[in-house]
Amino acid sequence: MLIQLLNGLVYGGLLYVLSVGLVLIFGLRRVVNFAHGSLYMLGAYIGYTVASLGGFWLGLVVSVFALTVLGALLDRFVFRPLQDEDPIVTMLVTFGLLLVLEDAVRTVWGKDFLTMAPPPSLSGVLLLTGTNFPVYRLAVIGIAILVAIGLSLWLRLSRVGLYVRASSVDPVTTGMQGVDTERLSATVVAIGAGLAGLSGTISAPLVALAPSMGGSILIDSFVVVVTGGLGSFTGAFIAAMLIGQVHNWGVVFVPSAAPMIPLVLMVLVLIWRPSGLVRAGA
Amino acid sequence: MPQTANVFPSLSVMENLLVVVGVKRQKQRIAELFDAFPQLAEHRRARAGSLSGGERQQLAFARALMPHPRMLVLDEPTAALAPRKVADAFALIRGLPSFGVSILVVEQRARQSLAVSDRGFILDGGPVALSGTAQELLADARAAELYLGRGDRASAD
């Protein structure tokens with residue numbers, strides 16, 4: 001029971017770190033970033049390769065850094081030039097990027113499944129209610145909680161965080177107050193992509209790496225973002241934890257219908273509250 | 001957009017003022033504005049979305065005043081207000097020059113805006129048809145014919 005609850009938190013944590021990046025990017029650029037799943041996947045592969053050379057933690061740092069840079073480039077060369085176009089254009093371009101990145105990874109790393117070991121310092125197990133539970137999984141929950149706390153403190157207390165919250169509501173008026181919204185968007189897209197890299201790397205020791213690994217978690221992230229309330233950071237956290245649990249219990253009890261359950265939950269939540277669990281901007 | 005009181009509804013009153021970039025001694029400036037708008041000071045931690053229409057307008061003015069502007073251009077500041085709030089808004093606008101700022105108001109409610117103005121310009125299809133002190137315009141029969149008597153009957157007093 002406790003073990004299943006914790007496994008749900010692990011998946012919920014990974015989902016949260018990925019989804020909150022989507023929320024940040026959507027807030028600033030009004031873009032639904034389909035490439036986000038491939039950023040997650042790329043993060044896992046970069047983490048894998050660097051970890052095999054210099055250890056897990058170096059892999060984590062390099063992967064987050066590389067994806068942050070990639071995010072800044074994505075904003076500069078995709079989102080910014082396309083900001084005056086129909087949103088559907090940008091969405092299609094990000095979908096194209098998803099396909100290109102998947103193929104690029106397939107070319108570089110091959111299409112066979114790869115596995116990555118957790119760092120030695122976290123590779124033990126802990127006896128919880130009579131069952132062995134991997135310490136690494138607890139660490140993943142911890143990292144997700146740290147990201148959540150760090151992000152809320154940043155958004156609530158820092159000046160840039162205030163600009164991000166203002167711009168998520170109304171970018172034009174925020175620009176009129178003298179905020180450089182272009183630079184702000186670049187920063188935020190970079191952070192969002194960096195978080196996708198973080199999520200990908202910490203998930204690498206838990207799953208088999210494949211170029212297609214971004215697809216299913218991307219769908220679940222979209223479910224999180226929509227269920228939580230498009231553009232809401234608090235909503236994303238609540239929804240990620242909820243979907244994490246639902247996904248996990250689904251896998252345990254009705255494995256054949258498991259992928260469908262988060263979608264059913266989304267539909268039910270949207271019937272109950274059409275704008276999601278938490279109104280955007282709250 | 002410019003005709004609605006565009007504050008950030010999800011941010012607090014305080015945060016709506018803090019969001020303005022490049023204000024010297026920002027905290028001190030906010031304290032000054034809170035002295036001038038006691039209703040805002042009272043709700044400083046409240047979400048701007050929970051304020052009344054009049055309070056939101058005060059907040060929009062306070063935010064505009066943050067960087068010590070020399071001039072404010074108000075585009076139909078009363079357009080989004082309930083009719084009985086309009087007089088309050090004009091009283092608020094009348095008080096703004098005490099902040100050392102000149103005000104240019106574009107308004108449909110000609111009589112009421114002239115009543116709080118020093119000078120007025122009446123446009124007719126683009127060019128300036130009449131200009132003068134507010135007193136002159138209010139007394140001018142041509143002005144009445146051009147604008148005041150027509151088109152704005154609902155608010156002509």
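**View 1. Helix 2 and helix 4 of chain A cross with a left-handed twist.** In this predicted model, helix 2 of chain A spans residues 36–54 and helix 4 of chain A spans residues 87–109. Their axes come within 9 Å and cross at roughly 20°. Angles under 35 degrees count as roughly parallel, and the two helices are therefore roughly parallel to each other.

**View 2. Here are the residues where helix 2 of chain A meets helix 4 of chain A.** From helix 2 of chain A, look for A:Gly37, A:Ser38, A:Met41, A:Leu42 and A:Tyr45. Helix 4 of chain A contributes A:Leu97, A:Leu98, A:Leu101, A:Glu102, A:Val105 and A:Trp109. Sorted by class, this contact has eight nonpolar, two polar and one charged residues.

**View 3. Chain A has eleven helices and two strands.** Starting at the N terminus, you can follow the order α-α-α-α-β-β-α-α-α-α-α-α-α. The radius of gyration of chain A is 18 Å, close to the 19 Å that the globule rule gives for 282 residues, so chain A is as compact as a globular protein of that length. Its C-alpha atoms fill a box of roughly 60 × 45 × 35 Å along the principal axes. Of the 282 residues of chain A, 48% count as buried. Among contacts in chain A between residues at least 6 apart in sequence, 76% join residues at least 24 apart.

**View 4. Chain B touches chain A.** Ten residues of chain B are in contact with 13 residues of chain A. On the chain B side, six of these residues are nonpolar, three are polar and one is charged.

Notes:
Residues are numbered from 1 along each chain as its sequence is written. Chains are lettered from A and ligands numbered from 1 in the order in which they are written. This is a predicted model: local features need pLDDT of at least 70, side-chain atom pairs count only at pLDDT 80 or more; totals for chains, interfaces and linings use all residues. Two residues are in contact if their C-beta atoms, placed from the backbone, lie within 7 Å. Ala, Val, Leu, Ile, Met, Phe, Trp, Tyr, Cys and Pro count as nonpolar, Asp, Glu, Lys and Arg as charged, and the others, Gly among them, as polar. Helices (H or I, at least four residues) and strands (E, at least two) are DSSP runs, numbered from the N terminus. The radius of gyration is taken over C-alpha atoms; the globule rule is 2.2 Å times the number of residues to the power 0.38. A residue is buried if 20 or more other C-beta atoms lie within 10 Å of its own, exposed if 12 or fewer, and partly exposed in between; C-beta atoms are placed from the backbone. Axes are lines fitted to C-alpha atoms, for helices over the stretch in contact, and angles run from 0 to 180 degrees between N-to-C directions. Angles under 35 degrees count as roughly parallel, over 145 as roughly antiparallel, 65 to 115 as roughly perpendicular and the rest as oblique. A crossing is left-handed if the near helix is turned anticlockwise from the far one by less than a right angle, and right-handed if clockwise.
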